[in-house]
Amino acid sequence: MSKLRLTALDAGPLSPDKNKLVAFAPGRVSVPTTVGVIEHEAHGLVLWDTGINHTVADPERGEAYWGAGLRDAFGAHGFTRAHAVDAQLERLGFKPADVRYVVYSHLHLDHAGGMSYFPGAVHVVQRDEIRYALWPDPWTRPVYCQNDFQDIRKLDILEVEGDFDLFDDGRMRLIRTPGHTPGHQALVLDLAHRGRICLAADVGHQRDGFDAMVPMPWDWSASAMSMTRMRMKQLERSGVPLFLCHDAGDFAKLPSAGAFWD
Ligand SMILES: [Zn+2]
């Protein structure tokens, strides 16, 4: 059976007011933006999300790229050129052209920022997510950065609808998890030694909010999110640990900085 190897990157440290992540939460919080780098023995290099675009590291151009006030609102001042996913892949010894597949949990500006770095990859996204991202409802428009999508029509897009076994080998299963966005999805990896784990992206921004089922600002549907969270909690009860993209505690448990799980 084909094998996998996983390491994680933080391609977007942010320090927003916590109420940007969990409704009504007080205080400020420092969070990672988790990107999964997965080597599949038979199918090569697969990226799970792409973090924030490097332009955002430049104070002036970044303000124009994301839109007025968003760098401040999300506390992106700690994000540097070296954090962008292309720079971090290079430190792992990979070139952008080595990436065969880019799989998106959803297309918000902290997940789709690196889309243009991988013109030769197959880009995998839920069908309703890509459609919604290109013409979002007005209130959610700020977090779908159209600059991230400047090359989207030139890319090889694999639209999927619902749960999907990426290589039909049970190793990388996409689970449809709508709520935060219409076409949000999570990724269940089956690692030969570590067992199954779930890169759960933004089914919760923070552990406390996820556990208490508190809605998040920018959620497309709080009702769909409730159903998704119940499904994800059952997955966790079944013995598959979840790793939230923006929870510092979850990120700390994942292998990073040259460490791998297989
Ligand atoms: Zn996010």
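How many other C-beta atoms lie within 10 Å of W218, and is this residue buried, partly exposed or exposed? In this predicted model, W218 has 17 such neighbours and is partly exposed, because that class lies between the limit of 12 or fewer for exposed residues and the limit of 20 or more for buried ones. The residue sits in the loop that links α5 (207–211) to α6 (222–237). Its backbone deserves a look as well: W218 is not a glycine, yet its phi is positive, at about 80°.

A positive phi also appears at A257, again a residue other than glycine, with a value of about 50°. A257 belongs to the segment that follows α7 (248–253). Here the surroundings hold 10 C-beta neighbours inside 10 Å, so A257 counts as exposed.

We can now turn to the strands. An open sheet is built from five of them, arranged in the order β7-β8-β9-β10-β11, and their pairing is mixed. At the edges of this sheet lie β7 (164–165) and β11 (242–244), each of which pairs on one side only. In general, the strands of a sheet pair through backbone hydrogen bonds, in either a parallel or an antiparallel manner.

Within the sheet, strand β8 (residues 172–176) and strand β9 (residues 185–191) run antiparallel and are joined by five bridges. For a handy point of reference along this pair, R176 can be followed to its bridge partner in β9, which is Q185.

How values were computed: Residues are numbered from 1 along each chain as its sequence is written. This is a predicted model: local features need pLDDT of at least 70, side-chain atom pairs count only at pLDDT 80 or more; totals for chains, interfaces and linings use all residues. Two strands pair if DSSP finds at least two bridges between them. Helices (H or I, at least four residues) and strands (E, at least two) are DSSP runs, numbered from the N terminus.
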